[in-house]
Amino acid sequence: MAIRITFPREKNQPPIVQTPRTHKTAAIVDSSSELSRGRKVTQHSSENSTTAEIIAELNALVGLTTVKRLIYEIQAYIEIQKRRTREKLVAEPLVLHMIFRGNPGTGKTTVARLIGRLFKEMDVLQKGHIIECERADLVGEYIGHTAQKTRDMVKKALGGILFIDEAYSLARGGEKDFGKEAIDALVKAMEDHKNDLILILAGYKHEMEWFLQTNPGLRSRFPIHIDFPDYSIEELLSIGDSMLKTRQYQFTSDARDAFRFMLQGVLNSHPYAGNARLVRNMVEKAIRKQAVRLYEKSTSSREELMGILPCDLSLEDEDLK
(Lines give C-alpha, C1' and ligand atoms only; values in the text may rest on other atoms or scores of the structure.)
Protein backbone atom coordinates (compact mmCIF):
# COMPACT_ATOMS: atom_id res chain seq x y z
CA MET A 1 0.00 0.00 0.00
CA ALA A 2 1.36 3.42 -0.90
CA ILE A 3 1.44 6.55 1.22
CA ARG A 4 -0.30 9.36 -0.68
CA ILE A 5 -0.43 13.08 0.00
CA THR A 6 -3.04 15.27 -1.75
CA PHE A 7 -3.25 19.06 -1.54
CA PRO A 8 -6.82 20.43 -2.03
CA ARG A 9 -7.32 23.28 -4.47
CA GLU A 10 -9.35 25.30 -1.94
CA LYS A 11 -7.42 27.75 0.19
CA ASN A 12 -6.91 27.13 3.90
CA GLN A 13 -7.79 23.43 3.56
CA PRO A 14 -5.41 20.93 5.14
CA PRO A 15 -3.62 18.34 3.00
CA ILE A 16 -5.05 14.83 2.93
CA VAL A 17 -2.74 11.98 3.95
CA GLN A 18 -3.77 8.47 2.96
CA THR A 19 -1.84 5.58 4.46
CA PRO A 20 -2.50 1.87 4.81
CA ARG A 21 -2.94 2.26 8.57
CA THR A 22 -6.35 1.34 9.93
CA HIS A 23 -6.18 3.25 13.17
CA LYS A 24 -7.03 6.91 13.51
CA THR A 25 -4.23 9.18 12.26
CA ALA A 26 -2.88 12.11 14.17
CA ALA A 27 -4.31 15.55 13.50
CA ILE A 28 -2.52 17.80 11.05
CA VAL A 29 -0.05 20.00 12.91
CA ASP A 30 2.59 22.52 12.01
CA SER A 31 5.52 20.58 10.55
CA SER A 32 8.21 22.68 12.17
CA SER A 33 6.85 22.17 15.69
CA GLU A 34 6.26 18.48 15.03
CA LEU A 35 9.80 17.98 13.81
CA SER A 36 11.11 19.90 16.79
CA ARG A 37 9.18 17.62 19.11
CA GLY A 38 10.65 14.68 17.25
CA ARG A 39 14.16 15.92 18.01
CA LYS A 40 13.40 16.27 21.69
CA VAL A 41 12.06 12.74 21.84
CA THR A 42 14.93 11.07 20.02
CA GLN A 43 18.00 13.10 20.92
CA HIS A 44 18.73 10.92 23.92
CA SER A 45 18.99 7.84 21.71
CA SER A 46 20.45 7.73 18.21
CA GLU A 47 19.98 11.23 16.81
CA ASN A 48 23.06 13.42 16.62
CA SER A 49 23.65 17.10 15.93
CA THR A 50 24.16 16.54 12.20
CA THR A 51 20.76 14.87 11.89
CA ALA A 52 19.19 17.77 13.78
CA GLU A 53 20.89 20.23 11.42
CA ILE A 54 19.50 18.42 8.37
CA ILE A 55 15.99 18.49 9.86
CA ALA A 56 16.40 22.19 10.64
CA GLU A 57 17.46 22.78 7.04
CA LEU A 58 14.37 20.91 5.86
CA ASN A 59 12.17 22.98 8.18
CA ALA A 60 13.68 26.17 6.76
CA LEU A 61 12.31 25.40 3.30
CA VAL A 62 9.30 27.50 2.38
CA GLY A 63 6.00 25.60 2.30
CA LEU A 64 6.04 21.80 1.80
CA THR A 65 4.31 21.35 5.16
CA THR A 66 3.04 17.83 4.64
CA VAL A 67 6.17 16.74 2.78
CA LYS A 68 8.12 17.63 5.91
CA ARG A 69 5.61 15.79 8.05
CA LEU A 70 5.95 12.62 6.01
CA ILE A 71 9.75 12.73 6.20
CA TYR A 72 9.44 13.00 9.97
CA GLU A 73 7.21 9.92 9.92
CA ILE A 74 9.78 8.04 7.83
CA GLN A 75 12.55 9.12 10.21
CA ALA A 76 10.54 7.89 13.20
CA TYR A 77 9.67 4.65 11.42
CA ILE A 78 13.33 3.88 10.69
CA GLU A 79 14.35 4.60 14.28
CA ILE A 80 11.61 2.44 15.76
CA GLN A 81 12.49 -0.49 13.50
CA LYS A 82 16.07 -0.21 14.77
CA ARG A 83 14.85 -0.28 18.37
CA ARG A 84 12.67 -3.30 17.65
CA THR A 85 15.65 -5.10 16.13
CA ARG A 86 17.76 -4.38 19.22
CA GLU A 87 15.00 -5.88 21.37
CA LYS A 88 14.84 -8.92 19.06
CA LEU A 89 11.30 -8.06 17.92
CA VAL A 90 10.04 -8.52 14.37
CA ALA A 91 11.05 -5.47 12.34
CA GLU A 92 9.48 -4.32 9.09
CA PRO A 93 11.82 -4.22 6.06
CA LEU A 94 13.00 -0.74 5.13
CA VAL A 95 11.63 -0.37 1.61
CA LEU A 96 12.07 3.34 0.96
CA HIS A 97 11.81 3.77 -2.82
CA MET A 98 9.72 6.85 -3.62
CA ILE A 99 7.61 8.58 -6.26
CA PHE A 100 7.85 12.41 -6.33
CA ARG A 101 5.05 14.06 -8.31
CA GLY A 102 4.85 17.77 -9.08
CA ASN A 103 5.70 20.56 -11.49
CA PRO A 104 9.28 21.78 -12.06
CA GLY A 105 10.62 24.06 -9.35
CA THR A 106 8.51 22.65 -6.50
CA GLY A 107 11.44 21.35 -4.45
CA LYS A 108 11.63 17.70 -5.53
CA THR A 109 15.40 17.59 -6.10
CA THR A 110 16.14 19.69 -3.01
CA VAL A 111 14.13 17.36 -0.80
CA ALA A 112 15.77 14.28 -2.38
CA ARG A 113 19.22 15.65 -1.51
CA LEU A 114 18.19 16.26 2.09
CA ILE A 115 16.74 12.76 2.35
CA GLY A 116 20.02 11.31 1.12
CA ARG A 117 21.99 13.16 3.77
CA LEU A 118 19.46 12.24 6.47
CA PHE A 119 19.51 8.56 5.58
CA LYS A 120 23.30 8.55 5.67
CA GLU A 121 23.29 9.94 9.21
CA MET A 122 20.71 7.33 10.20
CA ASP A 123 22.88 4.53 8.73
CA VAL A 124 20.24 3.63 6.15
CA LEU A 125 22.61 4.54 3.31
CA GLN A 126 26.37 4.21 3.33
CA LYS A 127 27.13 7.38 1.36
CA GLY A 128 23.88 9.31 1.05
CA HIS A 129 24.87 10.98 -2.22
CA ILE A 130 22.39 11.52 -5.04
CA ILE A 131 22.89 10.71 -8.71
CA GLU A 132 20.52 12.70 -10.90
CA CYS A 133 19.69 11.39 -14.35
CA GLU A 134 17.04 11.35 -17.07
CA ARG A 135 16.07 9.20 -20.04
CA ALA A 136 19.15 10.06 -22.12
CA ASP A 137 21.42 8.81 -19.33
CA LEU A 138 19.69 5.42 -19.21
CA VAL A 139 18.45 4.56 -22.71
CA GLY A 140 20.91 3.39 -25.35
CA GLU A 141 20.79 3.23 -29.13
CA TYR A 142 20.89 -0.51 -29.72
CA ILE A 143 19.94 -3.78 -28.05
CA GLY A 144 21.97 -4.37 -24.91
CA HIS A 145 23.27 -0.79 -24.73
CA THR A 146 20.42 0.37 -22.50
CA ALA A 147 20.94 -2.31 -19.85
CA GLN A 148 24.63 -1.43 -19.63
CA LYS A 149 23.99 2.32 -19.37
CA THR A 150 21.40 1.72 -16.66
CA ARG A 151 23.73 -0.58 -14.72
CA ASP A 152 26.45 2.08 -14.93
CA MET A 153 24.13 4.70 -13.43
CA VAL A 154 23.04 2.29 -10.69
CA LYS A 155 26.68 1.55 -9.88
CA LYS A 156 27.37 5.28 -9.42
CA ALA A 157 24.36 5.57 -7.10
CA LEU A 158 25.15 2.59 -4.84
CA GLY A 159 25.17 3.69 -1.23
CA GLY A 160 22.91 6.60 -2.08
CA ILE A 161 19.93 7.71 -4.16
CA LEU A 162 19.30 7.34 -7.89
CA PHE A 163 17.00 10.23 -8.80
CA ILE A 164 15.35 9.92 -12.22
CA ASP A 165 13.60 13.07 -13.43
CA GLU A 166 10.76 12.83 -15.95
CA ALA A 167 10.79 9.07 -15.34
CA TYR A 168 7.58 8.62 -17.33
CA SER A 169 9.58 9.24 -20.52
CA LEU A 170 11.00 5.72 -20.14
CA ALA A 171 7.61 4.29 -21.12
CA ARG A 172 6.63 6.69 -23.89
CA GLY A 173 8.12 4.77 -26.80
CA GLY A 174 5.90 1.70 -26.54
CA GLU A 175 6.83 -1.96 -26.38
CA LYS A 176 9.66 -1.75 -28.93
CA ASP A 177 11.32 1.25 -27.33
CA PHE A 178 14.55 0.69 -25.37
CA GLY A 179 13.02 2.56 -22.43
CA LYS A 180 11.28 -0.65 -21.38
CA GLU A 181 14.70 -2.29 -21.14
CA ALA A 182 15.79 0.48 -18.77
CA ILE A 183 12.74 -0.11 -16.58
CA ASP A 184 13.48 -3.83 -16.42
CA ALA A 185 17.10 -3.14 -15.49
CA LEU A 186 16.01 -0.74 -12.75
CA VAL A 187 13.58 -3.27 -11.30
CA LYS A 188 16.37 -5.86 -11.18
CA ALA A 189 18.71 -3.35 -9.52
CA MET A 190 16.10 -2.67 -6.83
CA GLU A 191 16.17 -6.36 -5.96
CA ASP A 192 19.92 -6.88 -6.29
CA HIS A 193 20.81 -3.79 -4.22
CA LYS A 194 17.79 -3.50 -1.93
CA ASN A 195 19.99 -2.68 1.08
CA ASP A 196 22.28 -0.22 -0.69
CA LEU A 197 20.14 1.83 -3.07
CA ILE A 198 17.05 4.03 -2.95
CA LEU A 199 15.33 4.86 -6.22
CA ILE A 200 13.29 8.05 -6.55
CA LEU A 201 11.23 8.55 -9.70
CA ALA A 202 10.08 12.14 -10.29
CA GLY A 203 7.91 14.00 -12.76
CA TYR A 204 4.64 15.74 -13.48
CA LYS A 205 1.74 14.36 -11.43
CA HIS A 206 -0.53 13.10 -14.22
CA GLU A 207 2.33 11.73 -16.32
CA MET A 208 3.73 9.81 -13.33
CA GLU A 209 0.31 8.28 -12.66
CA TRP A 210 0.12 7.19 -16.31
CA PHE A 211 3.62 5.76 -16.06
CA LEU A 212 2.72 3.59 -13.06
CA GLN A 213 -0.34 2.30 -14.90
CA THR A 214 1.80 1.19 -17.87
CA ASN A 215 3.68 -1.21 -15.59
CA PRO A 216 1.48 -2.41 -12.70
CA GLY A 217 4.45 -4.12 -11.05
CA LEU A 218 6.13 -0.77 -10.45
CA ARG A 219 3.50 0.68 -8.12
CA SER A 220 3.99 -1.96 -5.44
CA ARG A 221 7.75 -1.38 -5.44
CA PHE A 222 7.36 2.28 -4.46
CA PRO A 223 5.60 2.42 -1.07
CA ILE A 224 6.05 6.18 -0.62
CA HIS A 225 4.28 8.62 -2.96
CA ILE A 226 4.67 12.37 -2.37
CA ASP A 227 2.84 15.12 -4.26
CA PHE A 228 4.68 18.46 -4.38
CA PRO A 229 2.21 21.35 -4.74
CA ASP A 230 2.80 24.58 -6.62
CA TYR A 231 3.80 27.48 -4.39
CA SER A 232 1.38 30.27 -3.56
CA ILE A 233 2.20 33.91 -4.28
CA GLU A 234 3.16 34.51 -0.65
CA GLU A 235 5.42 31.46 -0.64
CA LEU A 236 7.12 32.60 -3.85
CA LEU A 237 7.71 36.03 -2.31
CA SER A 238 9.21 34.37 0.77
CA ILE A 239 11.48 32.27 -1.45
CA GLY A 240 12.65 35.41 -3.23
CA ASP A 241 13.30 37.19 0.08
CA SER A 242 15.25 34.18 1.33
CA MET A 243 17.38 33.92 -1.81
CA LEU A 244 18.27 37.60 -1.59
CA LYS A 245 18.95 37.45 2.15
CA THR A 246 21.38 34.57 1.69
CA ARG A 247 23.32 36.73 -0.78
CA GLN A 248 23.01 39.84 1.47
CA TYR A 249 20.59 41.66 -0.80
CA GLN A 250 17.03 42.81 -0.18
CA PHE A 251 14.04 44.22 -2.05
CA THR A 252 13.04 47.80 -1.49
CA SER A 253 9.35 48.14 -0.68
CA ASP A 254 8.54 49.24 -4.23
CA ALA A 255 10.63 46.42 -5.71
CA ARG A 256 8.83 43.81 -3.64
CA ASP A 257 5.48 45.13 -4.86
CA ALA A 258 6.76 45.00 -8.45
CA PHE A 259 8.04 41.45 -7.88
CA ARG A 260 4.63 40.39 -6.58
CA PHE A 261 2.91 41.95 -9.61
CA MET A 262 5.22 40.08 -12.01
CA LEU A 263 4.67 36.77 -10.24
CA GLN A 264 0.90 37.23 -10.29
CA GLY A 265 1.05 37.86 -14.02
CA VAL A 266 3.02 34.65 -14.52
CA LEU A 267 0.54 32.60 -12.51
CA ASN A 268 -2.37 34.06 -14.48
CA SER A 269 -0.84 33.29 -17.89
CA HIS A 270 1.47 30.31 -17.18
CA PRO A 271 0.01 28.45 -14.17
CA TYR A 272 2.72 25.76 -14.18
CA ALA A 273 5.71 28.10 -14.51
CA GLY A 274 5.40 30.02 -11.26
CA ASN A 275 7.66 28.06 -8.95
CA ALA A 276 11.04 28.33 -7.25
CA ARG A 277 13.00 27.94 -10.48
CA LEU A 278 11.34 31.06 -11.90
CA VAL A 279 12.05 32.99 -8.70
CA ARG A 280 15.72 31.97 -8.78
CA ASN A 281 16.04 33.10 -12.41
CA MET A 282 14.43 36.46 -11.63
CA VAL A 283 16.55 37.02 -8.51
CA GLU A 284 19.82 36.20 -10.25
CA LYS A 285 18.96 38.44 -13.19
CA ALA A 286 18.00 41.28 -10.81
CA ILE A 287 21.38 41.01 -9.07
CA ARG A 288 23.18 41.25 -12.41
CA LYS A 289 21.12 44.26 -13.50
CA GLN A 290 21.77 45.95 -10.16
CA ALA A 291 25.49 45.39 -10.71
CA VAL A 292 25.36 47.10 -14.10
CA ARG A 293 23.38 50.00 -12.63
CA LEU A 294 25.85 50.54 -9.77
CA TYR A 295 28.94 49.97 -11.91
CA GLU A 296 28.21 53.20 -13.72
CA LYS A 297 28.64 55.10 -10.44
CA SER A 298 32.06 55.84 -8.97
CA THR A 299 31.06 54.79 -5.43
CA SER A 300 28.19 52.95 -3.76
CA SER A 301 26.90 52.97 -0.21
CA ARG A 302 26.19 49.77 1.75
CA GLU A 303 22.46 50.34 1.32
CA GLU A 304 22.84 50.76 -2.44
CA LEU A 305 24.91 47.58 -2.70
CA MET A 306 22.22 45.63 -0.90
CA GLY A 307 19.09 47.18 -2.41
CA ILE A 308 17.17 45.71 -5.35
CA LEU A 309 15.04 48.38 -7.06
CA PRO A 310 12.03 47.97 -9.37
CA CYS A 311 14.23 48.88 -12.35
CA ASP A 312 16.40 45.83 -11.61
CA LEU A 313 13.48 43.44 -12.14
CA SER A 314 12.57 41.98 -15.50
CA LEU A 315 10.73 38.95 -16.84
CA GLU A 316 11.36 37.32 -20.21
CA ASP A 317 9.99 34.23 -21.90
CA GLU A 318 13.22 32.32 -21.27
CA ASP A 319 12.66 32.74 -17.52
CA LEU A 320 9.50 30.65 -17.79
CA LYS A 321 11.27 27.59 -19.21
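1. In this predicted model, Ile-161 stands opposite Ile-198 in strand E6, and this is one point in a longer pairing, since strand E5 (residues 160-165) and E6 run parallel and are joined by six bridges. Strand E3 (residues 98-102) also pairs with E6 in the parallel sense, over four bridges, and within that pairing Met-98 has Ile-200 as its bridge partner.

2. How many of the seven residues of strand E6 are buried? Seven of the seven residues in E6 (residues 197-203) are buried, so the strand is largely enclosed by the rest of the structure. The cover extends to both faces of E6, with Leu-197, Leu-199, Leu-201 and Gly-203 buried on one side and Ile-198, Ile-200 and Ala-202 buried on the other.

3. Helix H7 deserves a separate look. The 14 residues of H7 should span 20 Å at 1.5 Å a residue, and the end C-alpha atoms of the helix are 20 Å apart, which agrees with that expectation. The buried residues of H7 are Gly-179, Ala-182, Ile-183, Ala-185, Leu-186, Val-187, Ala-189 and Met-190, and these pack against E5 and E6 as well as against helices H5 (135-138), H6 (145-157), H8 (205-214) and H9 (216-219).

4. Within H7 (residues 179-192), Ala-182 can serve as an example. Ala-182 has a relative accessible area of 0% and is therefore buried, the cut-off being under 20%. Leaving aside neighbours within four places in sequence, Ala-182 is in contact with Leu-138, Val-139, Thr-146, Thr-150 and Leu-170. The C-alpha atoms of Ala-182 and Arg-135 are separated by 8.8 Å, although these two residues are 47 residues apart along the chain.

5. The nonpolar cores come next. In soluble globular proteins, nonpolar side chains tend to be buried together. The largest nonpolar core here has 53 residues, and those with the most contacts inside it are Phe-100, Phe-119 and Leu-263. Helix H12 (residues 276-295) supplies the largest share of this core, seven residues, and the core draws at least three residues from each of domain 1 (49-227) and domain 2 (233-319).

6. Phe-119, leaving aside neighbours within four places in sequence, is in contact with Ile-74, Ile-78, Leu-96, Met-98, Val-124, Leu-125 and Ile-198. Apart from the largest core lies another core, of 28 residues, among them Val-154, Ala-182, Leu-201 and Met-208.

Technical notes. Residues numbered from 1 in each chain as written. Predicted model: local features only at pLDDT ≥ 70, side-chain atom pairs only at ≥ 80, totals over all residues. Heavy atoms only, no water. Helix = DSSP H or I, 4+ residues; strand = E, 2+ residues; numbered from the N terminus. Buried < 20%, exposed > 50% of the residue type's maximum accessible area, 1.4 Å probe, protein only. Contact = heavy atoms within 4.5 Å. Pairing = 2+ DSSP bridges. Core = buried A, V, L, I, M, F, W, Y, C linked by side-chain atoms within 4.5 Å. Domains from an automatic or database assignment. Expected span 1.5 Å × (residues − 1).
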